Amino acid sequence: VSTQSTWGKRKAIRLMIELAENEKERYEYEHMADLFSILTTLERLEIAWVRDAVTPDDYTKECKSLIAKYNALKSSTESFVPSLDSFVSTYAKHCTKAAARLKVGAPGTADTDREKLILETGQHFITLMDALKLGQLAKDQLHPLLSDLVHALERLSIKKELPMRLSKWAEVLNGMKAADNLSGDQSREFLFELDTAYTAFHRGLGAS
């Protein structure tokens, strides 16, 4: 994508600010301009890092700063920027690398460890759901698997609601004897909540 195209998008947003008819519109357009600036700056940084044109330390420092700015801005734009993807597709199609980095929420230098943990967390979900589907309903079969999953979610700093939603099942299991089984209804409800949480887990990784 040419520099001219990028400049054209930037100029269009600036023009929107100048033509704003009220304070609400000006507020929205100014924040959109800030978001556009973060995306274009991060896109250039990602390209520089891939080409070894910036040191890992400098890249990590600047990338963390841009991600922090985006996170601070996100809550202020939720009402008029439905999603990062929608903004990128409309105003910043050339910023795919930046958008992907903001979704990960960490610099590329941290990708290996985070991606490994994401894969492990997904496997914990699948293992626990498979156990329930196979009729493994005893406390001593399910409790270790659930503990591994909740711990992995906490290590990923996933929103508190997700591990808390599953922790209530830890309380149910803690109140049982080792050989006690969940009932059929409990098993179906637990499996439903796991499936819902698994979907939310992947949505949370992609949403931003």
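A salt bridge is taken here as a side-chain nitrogen of Lys or Arg lying within 4 Å of a carboxyl oxygen of Asp or Glu. By that criterion the side chains of R26 and E30 meet in a salt bridge, with an N to O distance of 4.0 Å. The model is a predicted one, and the distances, angles and accessibilities below should be read as values computed from it.

## Salt bridges

The structure holds six salt bridges, and three of them are described in this report, beginning with the pair just named. R26 and E30 both belong to helix α2, where four residues, or about one turn of the helix, separate them. An α-helix has 3.6 residues a turn, so residues three or four places apart point the same way. R26 counts as partly exposed, at 29% relative accessibility, and E30 is likewise partly exposed, at 34%.

Helix α2, which covers residues 23-50, also carries E28 and K24, and because these two are four residues apart they are separated by about one helical turn. Their side chains meet in a salt bridge with an N to O distance of 2.6 Å. The two partners have contrasting surroundings, since E28 is buried with a relative accessible area of 14%, whereas K24 is exposed with a relative accessible area of 57%.

The side chains of E193 and K168 form another salt bridge, at 2.9 Å from N to O. This pair links distant parts of the chain, for E193 lies in helix α9 (residues 184-206) and K168 in helix α8 (residues 161-174), 25 residues apart. E193 is buried, at 11% relative accessibility, while K168 is partly exposed, at 37%. The table gathers the three pairs with their distances.

| Salt bridge | N to O distance |
|---|---|
| E28 and K24 | 2.6 Å |
| R26 and E30 | 4.0 Å |
| E193 and K168 | 2.9 Å |

## Aromatic pairs

Six aromatic pairs are found in the structure. In one of them, the rings of Y27 and F80 have centres 6.2 Å apart and planes at 80°, so the pair is edge-to-face. The sequence positions of these two residues are well apart: Y27 is in helix α2 and F80 in the loop between α3 (56-77) and α4 (84-91), with their positions 53 residues apart in the pair. Y27 is partly exposed, with a relative accessible area of 37%, whereas F80 is buried, at 16% relative accessibility.

For F125 and F201 the ring centres lie 5.6 Å apart and the planes meet at 35°, so this pair is tilted; the angle falls between the limits of 30 degrees, under which planes count as stacked, and 60, over which they count as edge-to-face. Since F125 lies in helix α6 (residues 111-133) and F201 in helix α9, the pair ties together parts that are 76 residues apart in sequence. Both F125 and F201 are buried, and ring pairs join these two residues with Y198 into a cluster.

## Helix α3 and the cysteines

For helix α3, the length offers a check on its geometry. At 1.5 Å a residue its 22 residues should span 32 Å, and its end C-alpha atoms are 31 Å apart, which agrees. The buried residues of α3 are Y59, T60, C63, L66, I67, Y70, L73 and T77, and what covers them includes α2, α4 and α5 (96-104).

C63, one of the buried residues of α3, has a relative accessible area of 0%, and C95 is also buried, with a relative accessible area of 0%. A search of the whole structure finds zero disulfides.

## Local features of the backbone

Which residue other than glycine has a positive phi, near 60°? The residue is D52, whose phi is near 60°, and D52 is found in the loop between α2 and α3. D52 is exposed, with a relative accessible area of 68%.

P163, by contrast in its setting, has its place in helix α8 and is buried, with a relative accessible area of 7%. The C-alpha atom of P163 is separated by 5.4 Å from that of V150, although the two residues are 13 residues apart along the chain.

Methods. Residues are numbered from 1 along each chain as its sequence is written. This is a predicted model: local features need pLDDT of at least 70, side-chain atom pairs count only at pLDDT 80 or more; totals for chains, interfaces and linings use all residues. Side-chain values use heavy atoms; hydrogens and water are left out. Buried means under 20% relative accessible area, exposed over 50%, partly exposed in between (1.4 Å probe, protein chains only). Rings of Phe, Tyr and Trp (its six-membered ring) pair if their centres lie within 6.5 Å; planes under 30 degrees apart count as stacked, over 60 as edge-to-face and the rest as tilted. The expected span of a helix is 1.5 Å times one less than its number of residues. Contact means heavy atoms within 4.5 Å. A disulfide is a pair of cysteine sulfur atoms within 2.5 Å.
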